[in-house]
Amino acid sequence: MAELAALEDPKMRAVNEKHGDDHGVHLGRLRALAKQLRTQQDLARELWRTDDTAARLLAILICRPRAFERDELDTMVRETRAPKVHDWLVNYVVKKSPHSEELRRAWFTDPDPVVASAGWALTTERVAKKPEGLDLDGLLDVIEAEMKVAPDRLQWAMNHCLAQIGIQHAGYRARAIDIGERLAVLKDYPTPPNCTSPFAPVWIAEMVRRQET
């Protein structure tokens, strides 16, 4: 914790706080510290219990994802509110867990929109890598009915799923693009030069173009 405190940068904190992340440690320095520590599951659990955002990010980098129990991961997601911690926890830990599919099903319809967004993130992973058994029409039905008014984090996760359906599954591409056009979610999202817009029709078209070339 002293090392993390020494890495604190007020300017970095100001930037991160604009995105809802209450820490001021440059992620490159955080990764360098994690590389020094290597995998330490017990230390990861101790760091997580501090409830400090930088410490939790470090915990995610040095943990052993498959060592967490199902209920432990459920608790961790529910007590996580910093967007970067939530994103890293789902992508670096839960996706690698043997409990990921069970948690995906449990979280998908959770009344807490942040928890539900984790369920959608795991569903998007399956859309892209293991779609067998998924009801893609049903997913598009839910997105069409609910994405427009969903809270920000959940809306973002639904939009990502919509884009992946359009990118990965040609038979659903026209419908995915149509839904994106009609709902216009993230249509005006500020996108830096040389980056792809998160607006689903543009995102789908660009990624399909890259696949074809």
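Let me start with R38, which counts as exposed, at 65% relative accessibility. R38 sits in the loop between α3 (27-37) and α4, and its phi is near 60°, a positive value in a residue other than glycine. Before I go further, please keep in mind that what we are looking at is a predicted model, and that the values I quote are computed from it.

On the backbone, then, the background is that most residues other than glycine have a negative phi. Besides R38, I would point you to L186, which is not a glycine either and has a positive phi of about 65°. L186 is found in the loop between α12 (173-183) and α13 (200-212), and at 16% relative accessibility L186 counts as buried, whereas R38 counts as exposed. There is also D51, just after α4, where phi is positive at about 65°.

That brings me to α4 itself, and to the question of which residues of α4 are buried. They are Q41, A44, L47 and W48, and because they cover an arc of only 120° around the axis, they are put on the same side of α4. The general point behind this is that an α-helix has 3.6 residues a turn, so residues three or four places apart point the same way. On the other side of α4 we have D42 and R49, which are exposed. As for what lies over the buried residues of α4, the cover includes α5, α6 and α7.

Helix α6, residues 70-78, can be read along similar lines. Its buried residues include L73, D74, M76 and V77, and since these cover an arc of only 165° around the axis, they too are placed on the same side of their helix, α6. The elements that cover the buried residues of α6 include α4 (41-49), α7, α8 and α9.

One of those buried residues, L73, leads us to S97, for S97 touches both P65 and L73 once residues up to four places away in sequence are left out of the count. S97 is placed in the loop between α7 and α8, and with a relative accessible area of 4% it is buried. A polar atom of the S97 side chain lies 2.9 Å from the backbone nitrogen of H99.

Now to the empty space, and here the principle is that rolling a probe the size of a water molecule over the atoms shows where such space is left. How many cavities of 30 Å³ or more does a search of the whole structure find? The search finds one, and the volume of this largest cavity is about 40 Å³. Its lining consists of A44, W48, A59, I60, C63, F68, M76, L89 and V93, and by class these divide into nine nonpolar, no polar and no charged residues. At least two of the lining residues come from each of α4, α5 (53-62) and α7. You will recognise A44 and W48 from the buried residues of α4, and M76 from those of α6.

The pockets are where I expect most of your interest, so let me take the largest pocket with some care. Its volume is about 1,100 Å³, and of the 30 residues that line it, the closest to its centre are P83, K84, D87, R153 and W156. The elements giving two or more residues to this lining are α2 (10-17), α7 (83-93), α9 (113-129) and α11 (152-168), and α11 gives the most, with seven residues. By class, the lining of the largest pocket has 13 nonpolar, 10 polar and seven charged residues.

The second largest pocket holds about 180 Å³ of space. Lining it are K95, S100, E101, R104, L122, E125, R126, K129 and K130, which divide into one nonpolar, one polar and seven charged residues. Here α8 (100-108) and α9 each supply at least two residues, with α9 giving the most, namely four.

I will finish with one distance, for a sense of span. E146 lies in helix α10, residues 136-146, and counts as partly exposed at 43% relative accessibility. E146 and D22 are 124 residues apart in sequence, and from C-alpha to C-alpha they are 30 Å apart in space.

Technical notes:
Residues numbered from 1 in each chain as written. Predicted model: local features only at pLDDT ≥ 70, side-chain atom pairs only at ≥ 80, totals over all residues. Heavy atoms only, no water. 1 Å grid on protein atoms, 1.4 Å probe; cavity = no way out; pocket = protein on both sides within 12 Å on 5 of 7 lines; lining within 4 Å. Points joined across faces, edges and corners; volume = space filled by probe spheres on them. Nonpolar A, V, L, I, M, F, W, Y, C, P; charged D, E, K, R; others polar. Buried < 20%, exposed > 50% of the residue type's maximum accessible area, 1.4 Å probe, protein only. Arc of directions from axis to C-beta. Contact = heavy atoms within 4.5 Å. Polar contact = N/O pair within 3.5 Å; in protein donor to acceptor, adjacent residues only side chain to side chain.
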